[in-house]
Amino acid sequence: MGEQSVRTAVTLCAAGLLVVGMGTASAAPAASPTNAHPAHAVQRPKGKPVLVDCFFKPRTRPDAFILACGDGNSRLSSLHWSQWNGRSAVARGLNFVNDCKPYCAAGRFHSYPVIVRLDRPEPWKKRPHTQRFTRLSLVFPAARPDGYQRVETYPLWN
């Protein structure tokens with residue numbers, strides 16, 4: 001094959017590839033919100049908010065909840081929910097708190113009646129389509145652990 005023939009063949013192949021590439025590009029639909037893939041669409045939170053536990057599991061109306069994820073020295077038990085809606089949740093139950101005397105491993109757990117309130121729902125970073133409560137308040141109507149206020153408020157993790 002002569003030099004001129006090789007040059008012509010290469011030029012024709014390049015032109016053919018260019019035409020095929022442009023044809024494919026022009027046939028591809030333009031990305032727009034109306035035809036974007038559903039997985040990429042912005043999802044709005046649905047349903048009632050959840051309470052995210054220490055294992056990052058969403059819970060609704062749990063009967064128990066660990067407050068101190070690191071050491072388990074404070075936990076809620078026997079929770080009975082009277083309200084759970086899109087803005088807040090309310091329960092009565094017991095708060096079991098380790099007195100850590102003389103130190104936590106040798107301490108004793110004491111139970112205190114408590115009213116639990118969840119509020120400030122926001123989209124959950126791990127699951128943006130799910131709302132989660134971001135604040136928990138404990139109200140001690142009677143006795144409470146040493147050093148606790150009558151109302152204790154905690155931010156909740158993601």
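Lys101 is exposed, with a relative accessible area of 51%; exposed denotes over 50% relative accessible area, buried under 20%, and partly exposed the range in between, with a 1.4 Å probe and protein chains only. The model is predicted, so that local features need pLDDT of at least 70 and side-chain atom pairs count only at pLDDT 80 or more, whereas totals for chains, interfaces and linings use all residues. Residues are numbered from 1 along each chain as its sequence is written, and side-chain values use heavy atoms, with hydrogens and water left out.

Lys101 is located in the loop between strand E5 (88–98) and strand E6 (109–123). Helices (H or I, at least four residues) and strands (E, at least two) are DSSP runs, numbered from the N terminus. Apart from residues up to four places away in sequence, Lys101 touches Ala106, Gly107 and Asp146, where contact means heavy atoms within 4.5 Å. The side chains of Lys101 and Asp146 are joined by a polar contact of 3.4 Å. A polar contact is a pair of N or O atoms within 3.5 Å; within protein, one must be able to donate a hydrogen and the other to accept it, and residues adjacent in sequence count only if both atoms are side-chain atoms.

The same residue also takes part in a cis peptide bond, which runs from Lys101 to Pro102 and has omega near -5 degrees. Pro102 likewise lies in the loop between E5 and E6, as does Cys100. Cys100 is partly exposed, with a relative accessible area of 22%, and has a positive phi of about 55 degrees although it is not a glycine. A positive phi, near 50 degrees, is also found at Arg61, again a residue other than glycine. Arg61 belongs to the loop between strand E2 (58–59) and strand E3 (65–66) and counts as partly exposed at 41% relative accessibility. Most residues other than glycine have a negative phi, and most peptide bonds are trans.

The chain as a whole contains one helix and eight strands, which follow the pattern α-β-β-β-β-β-β-β-β along the sequence. Of its 158 residues, 27% are buried. The chain exposes about 10700 Å², of which carbon and sulfur atoms supply 59%; accessible areas come from the Shrake-Rupley method with a 1.4 Å probe, and for residues only the protein chains shown count as cover. Among contacts in the chain with a separation of 6 or more, 43% join residues 24 or more positions apart. The mean pLDDT of the chain is 80, and 70% of its residues reach 70 or more. Over residues 3–44 the pLDDT is below 50, and this stretch has seven contacts in the model beyond near neighbours in sequence. The pLDDT is the predictor's confidence in each residue, from 0 to 100.

Two residues of strand E7 were examined in detail. Ser137 is placed in strand E7 (residues 130–139) and is buried, with a relative accessible area of 11%. Beyond residues up to four places away in sequence, Ser137 touches Ile115, Val116, Arg117, Glu152 and Thr153. The side chain of Ser137 makes a polar contact of 3.2 Å with the side chain of Thr153. Ser137 and Leu118 are separated by 19 residues in sequence and by 6.5 Å in space, C-alpha to C-alpha. Thr134 is also in strand E7 and is buried, with a relative accessible area of 11%. A polar atom of the Thr134 side chain lies 2.6 Å from the backbone oxygen of Arg120. With neighbours within four places in sequence left aside, Thr134 is in contact with Asp119, Arg120, Glu122, Tyr154, Pro155 and Leu156.

Glu152, one of the residues touched by Ser137, is found in strand E8 (residues 151–155). Glu152 is buried yet has no salt bridge, and the nearest side chain of opposite charge, Arg144, is 6.7 Å away. A salt bridge is a side-chain nitrogen of Lys or Arg within 4 Å of a carboxyl oxygen of Asp or Glu; Lys and Arg count as positive and Asp and Glu as negative, while His and the chain ends are not counted. A polar atom of the Glu152 side chain lies 2.5 Å from the backbone nitrogen of Gln149. Outside its neighbours within four places in sequence, Glu152 is in contact with Leu136, Ser137, Leu138, Phe140 and Gly147.
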